[in-house]
Number of protein chains: 2
Amino acid sequence: MTPATEASPADRLWTVGELADELGITTRTLRFYEAEGLITPSRAGSARVYDHRDRARLRLILRGKRFGMSLSEIREIVGMYDGAASSERRQLETLLARLGEITADLRARERDLARTLSEVDEVAARCQQRLDQLP
Amino acid sequence: MTPATEASPADRLWTVGELADELGITTRTLRFYEAEGLITPSRAGSARVYDHRDRARLRLILRGKRFGMSLSEIREIVGMYDGAASSERRQLETLLARLGEITADLRARERDLARTLSEVDEVAARCQQRLDQLP
DNA sequence: CTTAACGTTGACGTAAACGTCAACCCTGCT
DNA sequence: AGCAGGGTTGACGTTTACGTCAACGTTAAG
């Protein structure tokens, strides 16, 4: 049984237009991300061809954007997926250190988000309270 | 005993420069936020004077920015602090509904952030595993 | 009294992340 | 043959969130 998130087979391929539609973005955005070095789809002649790994990478990118990561931060992270396969100790060590920094940064954002959420809840509570006091 | 987050008395006042320094931003940013209707400090002649409520509002704004809220989204939320004191049922109801939408949006971002965090953790784990396999 | 260190407004510049053409090339109908 | 509907690469426009002057006013010190 294939998981619900994987409606399409693992060997499915997409054109720019198809993938853009599925991800809810424009083809311009896909081309822009490619120009920025975030993805590198293969080509059929001059036409871009995206596979399931490109798609997964894109979903990671879009998720990052939703909570405020810049494209250059995202580029660094997606680049690490490749770097983690290295066999040079030095590189693995600096990579691991950087990953620690990134994790700390993300946790800080998580706290900021949680605090904002609780403040919004407070406003809602005050709002509800006012409503209850009305005739 | 005053809380640690409140090193300064409740009646303290700040100039633009002082507050900018304390918040780690520039005076330009403070003026920009004012022009955008996010804050409205009082004036001493033509000079801006910020009190502890302005400061709290600013900290809320900056927190929002850190996880990707736009200034217009933030403006809407800070504006609700005032609207929640309304006494018109209609307004309180629409406000409460909007607060629900905002909460849902923030929770979605929270999920995106959590998923990204766990993916980063996975990369770190793979990285560590590679390191352990080295001589 | 003037100079330094703050403040003010106004105008223009800039980086990021795309949007919006234009001009072109394939491909599959009809 | 022709044309609609995809794809391609430029190139320039736009919005957001400020940065960066310029020209000016106002205390505070020497």
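In what follows, Ala, Val, Leu, Ile, Met, Phe, Trp, Tyr, Cys and Pro count as nonpolar, Asp, Glu, Lys and Arg count as charged, and the others, Gly among them, count as polar. This is a predicted model, in which local features need pLDDT of at least 70 and side-chain atom pairs count only at pLDDT 80 or more, while totals for chains, interfaces and linings use all residues. Residues are numbered from 1 along each chain as its sequence is written, chains are lettered from A and ligands numbered from 1 in the order in which they are written, and side-chain values use heavy atoms, with hydrogens and water left out.

We may begin with DNA strand D. A residue is near a strand if one of its heavy atoms lies within 4 Å of it; 16 residues surround DNA strand D, and the closest are A:Gly17, A:Arg31, A:Arg48, B:Thr26 and B:Tyr33. By class, this surface has five nonpolar, six polar and five charged residues. Helices (H or I, at least four residues) and strands (E, at least two) are DSSP runs, numbered from the N terminus. On that basis, helix H1 (16-23) and strand E2 (47-49) of chain A, together with helix H2 (27-35) of chain B, each supply at least two residues of the surface near DNA strand D, and H2(B) gives the most, with four residues. Of the atoms of DNA strand D within 4 Å of the protein, 70% belong to sugar or phosphate and the rest to bases.

Individual polar contacts (a pair of N or O atoms within 3.5 Å; within protein, one must be able to donate a hydrogen and the other to accept it, and residues adjacent in sequence count only if both atoms are side-chain atoms) add detail here. A phosphate oxygen of DNA strand D lies 2.8 Å from a backbone N or O atom of A:Gly17, and a polar side-chain atom of B:Tyr33 is 2.6 Å from a phosphate oxygen of this strand. A polar backbone atom of B:Leu71 is 3.0 Å from a phosphate oxygen of DNA strand D.

We turn next to DNA strand C. Of the 16 residues around DNA strand C, A:Thr26, A:Tyr33, B:Gly17, B:Arg31 and B:Arg48 come nearest, and the residues of the surface near this strand divide into five nonpolar, six polar and five charged. The largest share of that surface, four residues, comes from H2(A). Of the atoms of DNA strand C within 4 Å of the protein, 70% belong to sugar or phosphate, and the rest belong to bases. Among the polar contacts, an N or O atom in the side chain of A:Thr26 is 2.6 Å from a phosphate oxygen of DNA strand C, a polar side-chain atom of B:Thr15 lies 3.2 Å from a phosphate oxygen of that strand, and a polar backbone atom of B:Gly17 is 2.7 Å from a phosphate oxygen of DNA strand C.

The helix packing comes next. Two packed helices are described by the angle between their axes and the distance between the axes. Axes are lines fitted to C-alpha atoms, for helices over the stretch in contact, and angles run from 0 to 180 degrees between N-to-C directions. In chain A, the axes of helix H4 (residues 71-83) and helix H5 (residues 89-132) come within 11 Å and cross at roughly 140°. H4(A) and H5(A) are therefore oblique to each other, given that angles under 35 degrees count as roughly parallel, over 145 as roughly antiparallel, 65 to 115 as roughly perpendicular and the rest as oblique. A crossing is left-handed if the near helix is turned anticlockwise from the far one by less than a right angle, and right-handed if clockwise; H4(A) passes H5(A) in a left-handed crossing. With contact meaning heavy atoms within 4.5 Å, A:Glu73, A:Glu76, A:Ile77, A:Met80 and A:Gly83 in H4(A) meet residues of H5(A) that include A:Gln91, A:Leu92 and A:Arg109.

In chain B, the axes of H4(B) and helix H5 (residues 89-133) come within 11 Å and cross at roughly 140°, and H4(B) passes H5(B) in a left-handed crossing. Helix H3 (residues 52-66) of chain B packs against helix H4 (residues 71-83) of chain B at an angle of about 145°, with their axes 10 Å apart, and H3(B) passes H4(B) in a right-handed crossing.
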